[in-house]
Amino acid sequence: SAVGKKLAGCDSLIITFNAPNSDSVINEVSTTDTKAISKLARFVDGKPAEQFKCGYDGNMIFFKGGRQVLPVVFKYSEEDCRHFLFDLDNKVMSCQMSNEEVDFLNSLATGNNTY
């Protein structure tokens, strides 16, 4: 897929979690663990979703060689509005978030850095 190709070879990732309904950062997780980066890359390469207008809980930025490859915003705290949103080759794309992905982001947000 286009997303998979774009994220292939990414070597670091920063995830920022915001306080509810604000831009205030409450937690930030960064990793160079290739398994974790691959897992999160698969998350944003999911089934297409509608582009919700319900705010965001945070963002992920994928890097390769110190250069930003793909910034992704996400919402996981509202059941009817869970998704990832990003711009791929000047086209805004949104994809669905599964329960497993919600649980994973929740655990990272609360400080559990186990992948």
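What share of the 115 residues in this chain is buried? Hi everyone, let's start there: buried residues make up 43% of the chain. Please keep in mind that we are looking at a predicted model.

Now for the overall layout. There are 3 helices and 6 strands, and reading along the sequence you meet them in the pattern α-β-β-α-β-β-β-β-α. The radius of gyration is 13 Å, close to the 13 Å that the globule rule gives for 115 residues, so the chain is as compact as a globular protein of that length. If you drew a box around the C-alpha atoms along the principal axes, that box would be roughly 30 × 30 × 25 Å.

Let's go inside. In soluble globular proteins, nonpolar side chains tend to be buried together. Here, the largest nonpolar core has 29 residues, and Met-60, Phe-62 and Phe-84 touch the most other members. Several elements each supply at least two residues of this core, among them α1 (2-7), β1 (12-18) and α2 (34-43). Which helix or strand gives the most to the core? That is α3, with 5 residues.

So let's stay with α3, residues 99-109. Its buried residues include Val-102, Phe-104, Leu-105 and Leu-108, and also Glu-101 and Ser-107. The buried residues of α3 pack against β1, β2, α2, β4, β5 and β6. After the helix comes Gly-111, with a positive phi near 95°.

Last stop, the outside. The accessible surface comes to about 6,500 Å², and 47% of that belongs to carbon and sulfur atoms. For charges, count 12 positive and 15 negative side chains, with the centres of the two sets 7 Å apart. Thanks for listening!

Conventions: Residues numbered from 1 in each chain as written. Predicted model: local features only at pLDDT ≥ 70, side-chain atom pairs only at ≥ 80, totals over all residues. Heavy atoms only, no water. Core = buried A, V, L, I, M, F, W, Y, C linked by side-chain atoms within 4.5 Å. Buried < 20%, exposed > 50% of the residue type's maximum accessible area, 1.4 Å probe, protein only. Helix = DSSP H or I, 4+ residues; strand = E, 2+ residues; numbered from the N terminus. Contact = heavy atoms within 4.5 Å. Rg over C-alpha atoms; globule rule 2.2 N^0.38 Å. Areas by Shrake-Rupley, 256 points an atom, 1.4 Å probe, with all protein chains shown as cover. Lys, Arg positive; Asp, Glu negative; His and termini not counted. Charge placed at Lys NZ, Arg CZ, Asp CG, Glu CD.
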